[in-house]
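Please look over the sequence and the structure shown below before reading the notes that follow.

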Amino acid sequence: MAQFVLHKGSTRGHANHGWLNAHHTFSFANYHDPERMHFGVLRVLNDDSIDGGMGFGTHPHDNMEIITIPLEGALAHKDSLGTSSVIQHGDIQVMSAGTGVQHSEFNGNADQTVKLLQIWLFPNKKNVTPRYGQITLDITKRHNNFQQILSPDPDDAGVWIHQDAWFSLGTFDENFETDYQIKKQGNGVYAFVIKGSVTIDGHELSTRDGLGIWDTDKISFKFNTPDTEVLLMDVPMKL
Amino acid sequence: MKKLTILYVGRNQEITDTMNRLLNAREEWKGITTCLDEEALVMVKDTHIDLVLLGNGISAVAEEKLRAGLIRVRPALKIIQHYGGGSGLLYGEIMAAFRLGVI
């Protein structure tokens with residue numbers, strides 16, 4: 001029988017640093033809730049707004065698969081691998097931190113807030129060679145469709161990571177209904193509502209709510225508002 | 001709460017230096033760090049360490065040897081893996097280690 005965990009958006013950890021307004025679905029930085037440590041290998045789901053011209057100075061990471069999804073505005077990235085790039089809505093960025101990488105992330109505009117989701121997964125292999133990737137997707141292909149944005153396979157759609165995980169994004173019309181088939185036995189799905197209202201296997205979710213479902217192979221969706229945006233993270237449940 | 005002495009062992013010097021700064025930035029923690037396993041063993045022998053964080057770049061073989069060496073010196077020592085190389089997960093990992101034993 002399917003099991004689930006519901007995280008209402010309003011119950012997330014919150015840190016307002018002035019220039020950075022962050023909401024944490026799972027324990028992060030000074031927000032600690034032993035009941036909110038991870039969903040399978042999904043360890044971090046941060047919903048950040050960064051003021052114009054501001055950002056995170058150079059800082060290190062290791063042994064994490066880090067995915068950044070810009071929702072609005074532009075994010076400038078520089079790292080110790082020599083990458084210098086700007087990502088914006090429609091792009092997906094991935095960094096396998098592996099043995100260690102240093103990077104900085106700044107709002108790419110002086111006068112516009114950048115909003116983004118940053119997601120960290122535990123890798124399935126420690127101490128890999130650090131790598132950076134980004135891709136620009138055709139967002140029209142996610143209309144009433146879960147468009148795959150990430151997988152474990154470099155030859156599959158989207159970016160790839162060192163984990164048996166698949167991410168998808170979709171924007172759906174009101175009253176549209178669809179199913180999602182979990183990609184691998186033992187995986188669960190964490191659904192995060194970016195915007196709108198959706199009923200997932202009987203659970204009604206609103207903007208910024210999250211629902212984790214596991215011990216099932218198929219999930220049903222009914223979208224309750226126009227232009228409902230949902231991110232699905234299909235991840236191994238076993239650490 | 002008593003001040004916890006936490007030893008971080010990693011291979012990347014820059015990350016190890018960052019971890020030293022992060023651990024010592026909090027009043028309730030005292031951080032000591034090294035990139036060398038032999039030094040880690042001496043530190044655990046000579047200093048009261050509450051927790052060891054294993055960081056980046058330690059191979060599976062080296063980790064097994066290091067864990068065995070540390071436990072030989074201090075059988076009840078808490079040893080956990082630190083992920084992320086920065087401040088994001090550090091607090092949660094340390095909190096979980098002392099509430100749950102081992103993550």
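This briefing covers two sheets and a contact between chains.

The model is predicted, and local features need pLDDT of at least 70, side-chain atom pairs count only at pLDDT 80 or more, while totals for chains, interfaces and linings use all residues. Residues are numbered from 1 along each chain as its sequence is written, with chains lettered from A and ligands numbered from 1 in the order in which they are written.

**The antiparallel sheet**
- Seven strands (DSSP runs of E, at least two residues, numbered from the N terminus) form an open sheet in chain A with the order S2-S3-S4-S11-S6-S9-S12 and antiparallel pairing, where two strands pair if DSSP finds at least two bridges between them.
- Strand S2 (13-16) and strand S12 (131-136) of chain A each have a single partner strand, so one side of each is left without a neighbour in the sheet.
- Within this sheet, S6 (residues 65-72) and S11 (residues 114-121) of chain A run antiparallel and are joined by seven bridges, and Glu72(A) has Lys115(A) in S11(A) as its bridge partner.

**The mixed sheet**
- Another open sheet of chain A has seven strands in the order S1-S20-S17-S22-S15-S13-S14, with mixed pairing.
- Strand S17 (residues 187-195) and strand S20 (residues 210-214) of chain A pair in the antiparallel sense over four bridges, and the bridge partner of Val189(A) in S20(A) is Ile213(A).

**The contact between chains**
- Chain A gives 22 residues and chain B gives 20 residues to the contact, which counts residues whose C-beta atoms, placed from the backbone, lie within 7 Å.
- On the side of chain A that touches chain B, the largest share, three residues, comes from S5(A).

Key:
Two residues are in contact if their C-beta atoms, placed from the backbone, lie within 7 Å.
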